[in-house]
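Visitor: Please take me through one part of this model up close. I'd like to see how the helices pack and where the salt bridges sit.

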Amino acid sequence: MMSAHEFDQKPNQVSISPLLQKLAYPATQIPVDASEIASAFALIFEDRLSAIQTAALLTLLHSTGKDRDAQVIALCSLRMREAARQIEKSSLQKAIKARGKKEGNYEGGLCDIVGTGGDSHSTFNISTTASIIASPLLMMAKHGNRAQTSFSGSADVLNAIPPVPPKISAVTADNLAEVYEATSYAFLFAPNFHPGMMYANPVRRGLGLRTIFNLMGPLANPVDWALEARVVGVAYQSLGPVFAEALRTGGAKKALVVCGAEDMDEISCAGPTNCWKLTEYPNPAYDGSREECSCDENEDVPRTLVKIETFQLHPSDFGLPTHPLTAVYGRKMPKENAAKIMSILRNELAPDDPILTFVLMNVAALLVISGICEAETSNMGPGDDGKVITERGPGGGRWKEGIRRARWAVESGSALKCLEQFIEVTNRL
């Protein structure tokens with residue numbers, strides 16, 4: 001008689017029963033290595049794993065806690081990026097170099113701001129709005145999808161932008177460089193870049209529980225290799241150090257992982273936010289004098305290392321008042337949230353509006369992490385008074401300078417212009 005998974009298998013599919021048994025009965029088996037789990041995920045993206053075994057793998061990873069292991073998250077995300085539609089690097093690098101502006105410690109590279117979701121707070125589309133506001137100053141590559149756990153996902157709200165929304169489904173691996181020739185903002189709609197996810201989605205929907213895929217999304221940006229800086233929000237505190245380590249394992253050198261004290265995957269407007277910051281520094285063990293040596297003494301000795309620093313941020317560190325989360329709830333449909341985004345970009349809200357200040361804090365954090373706030377001079381454009389705020393706060397960041405720059409992006413109309421350029425180019429593609 002055929003077993004269940006054999007009955008479910010297609011001719012090209014393989015069995016991972018030995019791995020499933022090791023996960024199910026850890027006391028009697030050799031410990032499971034993260035690379036074994038990642039190899040199984042590579043099979044999912046190639047449609048070489050049956051639905052039954054995919055469901056078993058996701059469920060066992062969840063029940064054993066392996067889906068919250070930094071090495072597992074990092075390696076599975078890597079497999080997801082490898083299975084993505086690949087972008088021609090030279091043309092993209094050329095477009096980034098032509099448009100990106102170096103300032104302070106920011107080198108003009110791509111940046112992203114994203115959350116894991118699942119924090120149950122249903123706040124406004126903070127990271128999507130923040131990505132647009134940051135785009136006059138940073139090259140933005142916002143990776144996102146339709147709603148998974150909220151009322152209005154990043155793709156949903158962009159599709160509802162009035163009067164003419166961007167055509168996010170038109171942005172592909174083949175024309176991304178063309179988008180950056182027209183604007184410094186791009187939204188990378190996940191289904192366009194991760195075709196292999198179609199094999200996992202029916203299983204995810206059928207299981208009805210949060211799986212490791214929810215954690216892989218923020219680390220699966222298809223232009224990860226070109227990302228200079230990012231802010232990642234996580235939905236509960238214990239994920240903070242895990243994600244920081246996963247980012248470091250994946251090669252990130254400028255990143256901030258944040259979790260509001262209320263277990264929220266944004267910088268909170270209501271009180272403290274716990275932060276894990278990744279910073280690159282010279283490796284004292286690296287001897288540059290041996291660089292030209294034919295010997296192998298310098299092999300596997302990296303020039304730089306990445307440290308993880310923890311601290312807390314509070315709205316007062318940004319020079320802003322606190323607001324209760326009830327003031328920023330976004331339990332609204334995409335059309336309503338899109339209208340609010342346009343009100344923000346048109347500078348129609350009061351400077352102390354709760355949603356505006358909530359968004360600006362998260363923009364400021366990305367600006368600080370990018371290094372642009374380290375500039376000693378400022379010449380953003382019309383409306384910039386040039387007065388850099390050099391005051392430093394937790395983690396050594398110029399958080400108030402981040403707010404100053406974020407407000408300029410809104411008040412000058414520059415953020416709205418970047419979105420309009422994105423709308424124009426995507427509808428023309």
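Guide: Here is a walk through two helix contacts, one buried helix and a few salt bridges.

Some ground rules before we start. This is a predicted model, in which local features need pLDDT of at least 70 and side-chain atom pairs count only at pLDDT 80 or more, while totals for chains, interfaces and linings use all residues. Residues are numbered from 1 along each chain as its sequence is written, and side-chain values use heavy atoms, with hydrogens and water left out.

Let's begin with packing. Two packed helices are described by the angle between their axes and the distance between the axes. Helices here are DSSP runs of H or I with at least four residues, strands are E runs of at least two, and both are numbered from the N terminus. Each axis is a line fitted to C-alpha atoms, for helices over the stretch in contact, with angles from 0 to 180 degrees between N-to-C directions.

Take α7 (residues 126–134) and α15 (residues 354–370): their axes come within 9 Å and cross at roughly 60 degrees. That angle makes α7 oblique to α15. (Angles under 35 degrees count as roughly parallel, over 145 as roughly antiparallel, 65 to 115 as roughly perpendicular, and the rest as oblique.) The crossing of α7 and α15 is right-handed; that is, the near helix is turned clockwise from the far one by less than a right angle. On the α7 side, the contact (heavy atoms within 4.5 Å) is made by I126, T129, A130, I133 and A134. They meet F358, V359, N362, V363 and L366 of α15. By class, that gives eight nonpolar residues, two polar and no charged ones. (Ala, Val, Leu, Ile, Met, Phe, Trp, Tyr, Cys and Pro are nonpolar, Asp, Glu, Lys and Arg are charged, and the others, Gly among them, are polar.)

Now look at α3 (34–45) and α5 (residues 70–82), whose axes come within 8 Å and cross at roughly 30 degrees. That makes α3 roughly parallel to α5, and this crossing is right-handed. α3 brings A34, S35, I37, A38, F41, A42 and F45, while α5 brings Q71, V72, L75, C76, R79 and M80. The mix is 10 nonpolar, two polar and one charged. In the loop between α2 (17–24) and α3 you'll find P26, which is exposed, with a relative accessible area of 56%. (Buried means under 20% relative accessible area, exposed over 50%, and partly exposed in between, using a 1.4 Å probe and protein chains only.)

α5 turns up again around α13 (239–249). Buried in α13 are L239, G240, V242, F243, A244, A246 and L247, and their cover includes α5, α12 (212–216) and strands β4 (227–233), β5, β6 and β7 (304–313). After α13 comes G251, with a positive phi near 100 degrees.

On to the salt bridges, meaning a side-chain nitrogen of Lys or Arg within 4 Å of a carboxyl oxygen of Asp or Glu. The whole structure has 20 of them. One is E103 with R405, at 3.1 Å from N to O. The pair links distant parts of the chain, 302 residues apart: E103 is in the loop between α6 (89–99) and β1 (110–115), and R405 is in helix α16 (residues 399–411). R405 is buried, at 0% relative accessibility, whereas E103 is partly exposed at 22%.

K253 and E280 form another, with the closest N and O atoms 3.5 Å apart. K253 lies in the loop between α13 and β5 (255–260), and E280 is in strand β6 (residues 273–282), 27 residues apart. K253 is partly exposed at 41%, and E280 is partly exposed at 36%.

E424 and R428 pair up too, at 3.1 Å between the closest N and O atoms. They sit four residues apart in helix α17 (residues 414–428), about one turn of the helix. E424 is partly exposed at 42%, as is R428 at 47%. Elsewhere, salt bridges that share partners join E103, D384, D385, E401, R404 and R405 into one network.

Last stop: I389, in the loop between α15 and α16. I389 is partly exposed, at 29% relative accessibility. Leaving out residues up to four places away in sequence, I389 touches R398, K400, E401 and R404. E401 and R404 are members of that salt-bridge network.
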